[in-house]
Amino acid sequence: MSVISDRELLEIAAEARKASYSPYSGYSVGAALLAKSGNVYTGCNVENAAFTPGNCAERTAVFKAVSSGEREFEAIAIAGGKSGTDPKDACWPCGVCRQVLNEFVDAKNFRVITNSPSGEPAVRSFGELLPFAFGPNNLK
Ligand code: THU
């Protein structure tokens with residue numbers, strides 16, 4: 001088990017959000033992905049003038065982690081909102097990011113954490129966010 005709390009992971013995501021490059025949407029996102037090794041990989045959204053090449057914060061974090069040799073993960077925290085705001089609203093991962101995460105996480109045990117208006121971190125299991133997922137097992 002990790003020594004990093006959900007709230008601390010969310011704070012790391014909020015810090016990562018500061019690097020967001022999101023001039024087109026004006027919506028900045030930061031993510032903090034906790035590996036079972038204890039390492040935390042951060043990411044932000046990186047937009048592009050051609051629009052479709054842009055990448056979400058969550059996928060940035062996953063790709064950083066996997067390309068650093070990590071394959072097993074415990075949790076991801078996401079902080080996002082209109083740029084310049086301190087979001088209290090939730091920013092749950094988009095469908096594409098859910099599919100990318102599905103490749104590496106356990107539906108029951110992997111936690112997805114984001115902000116909530118109450119100030120308490122909102123937490124869901126990955127399986128709640130992507131039920132009936134298509135994943136590696138389908139190709140065995
Ligand atoms: N975005 C993320 O980075 N993560 C999410 O979970 C939702 C959306 C980004 C994509 C785009 O740069 C901007 O937020 C608006 O959709």
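Which residues have the most contacts inside the largest nonpolar core? Select Leu33, Phe73, Ile76, Leu101, Phe110, Val112 and Phe126: these are the ones, in a core of 21 residues. Keep in mind throughout that the model is predicted.

**Stop 1: the core**

Colour the elements that give two or more residues to this core: β1 (27–35), α2 (57–66), β3 (73–82), α3 (95–102) and α4 (126–129). A second core, separate from that one, has nine residues, including Leu10, Ala13, Ala32 and Ile113.

Now centre the view on leucine 33. With its neighbours within four places in sequence left aside, leucine 33 is in contact with Asn39, Val40 and Tyr41, among others. Its contacts also include Ala61, Val62 and Ala65, as well as Phe73, Ala75 and Ile76. Leu101 and Phe110 are further partners of leucine 33.

**Stop 2: two helices and their cover**

Select α2. Seven of the 10 residues of this helix are buried, so α2 is mostly covered, with buried meaning under 20% relative accessible area. The buried residues are Ala57, Glu58, Arg59, Thr60, Ala61, Val62 and Ala65. To see what lies over them, show β1, β2, β3 and α3, which are among the elements that cover the buried residues of α2.

Move on to α3. Here the buried residues are Cys97, Arg98, Val100, Leu101 and Asn102. Their cover includes β1, α2, β3 and α4.

**Stop 3: aromatic pairs**

The structure holds three aromatic pairs; two of them are visited here. Start with tyrosine 24 and phenylalanine 51. Their rings form a tilted pair, with 5.7 Å centre to centre and 50° between the planes. This pair links distant parts of the chain, 27 residues apart: tyrosine 24 is in the loop between α1 (6–17) and β1, and phenylalanine 51 is in the loop between β2 (40–44) and α2.

Are these two residues buried, partly exposed or exposed? Tyrosine 24 counts as partly exposed because its relative accessibility is 44%. Phenylalanine 51 counts as exposed because its relative accessibility is 58%.

Next, select phenylalanine 110 and phenylalanine 126. This pair is edge-to-face, at 6.1 Å centre to centre and 75° between the planes. Phenylalanine 110 lies in the loop between α3 and β4 (111–114), while phenylalanine 126 is in helix α4, so the pair ties together parts that are 16 residues apart in sequence. Both phenylalanine 110 and phenylalanine 126 are buried. The two residues were also on the list for the largest nonpolar core, among those with the most contacts inside it.

**Stop 4: the ligand**

Display the ligand and the residues that surround it. Ser25, Tyr27, Val29, Asn45, Glu47 and Cys56 belong to this shell, among others. The surrounding residues also include Ala57, Glu58, Cys91, Trp92, Pro93 and Cys94.

Which distances are worth drawing? A polar side-chain atom of asparagine 45 lies 2.9 Å from an oxygen atom of the ligand. For glutamate 47, a polar side-chain atom lies 2.5 Å from a ligand oxygen atom. Alanine 57 takes part through its backbone: a polar backbone atom is 2.9 Å from an oxygen atom of the ligand. The ligand taken alone exposes 370 Å², and the protein buries 76% of that. β1 and α2 are the elements that give two or more residues to the shell around the ligand.

**Stop 5: serine 116**

Go to the loop between β4 and β5 (122–125), where serine 116 is found. Serine 116 counts as buried because its relative accessibility is 15%. Measure from its side chain to the backbone oxygen of glutamate 120: the distance is 2.5 Å. Neighbours within four places in sequence aside, serine 116 is in contact with Lys88 and Ala122.

**Stop 6: two positive phi values**

Most residues other than glycine have a negative phi. Return to phenylalanine 51 in the loop between β2 and α2. Its phi is near 65°, a positive value in a residue other than glycine.

Finish at phenylalanine 132, in the segment after α4. The phi of phenylalanine 132 is near 55°, also a positive value in a residue other than glycine. Phenylalanine 132 counts as exposed because its relative accessibility is 88%.

Notes: Residues numbered from 1 in each chain as written. Predicted model: local features only at pLDDT ≥ 70, side-chain atom pairs only at ≥ 80, totals over all residues. Heavy atoms only, no water. Core = buried A, V, L, I, M, F, W, Y, C linked by side-chain atoms within 4.5 Å. Buried < 20%, exposed > 50% of the residue type's maximum accessible area, 1.4 Å probe, protein only. Helix = DSSP H or I, 4+ residues; strand = E, 2+ residues; numbered from the N terminus. Contact = heavy atoms within 4.5 Å. Phe/Tyr/Trp six-rings, centres within 6.5 Å; stacked < 30°, edge-to-face > 60°. Near = heavy atom within 4 Å. Polar contact = N/O pair within 3.5 Å; in protein donor to acceptor, adjacent residues only side chain to side chain. Areas by Shrake-Rupley, 256 points an atom, 1.4 Å probe, with all protein chains shown as cover.
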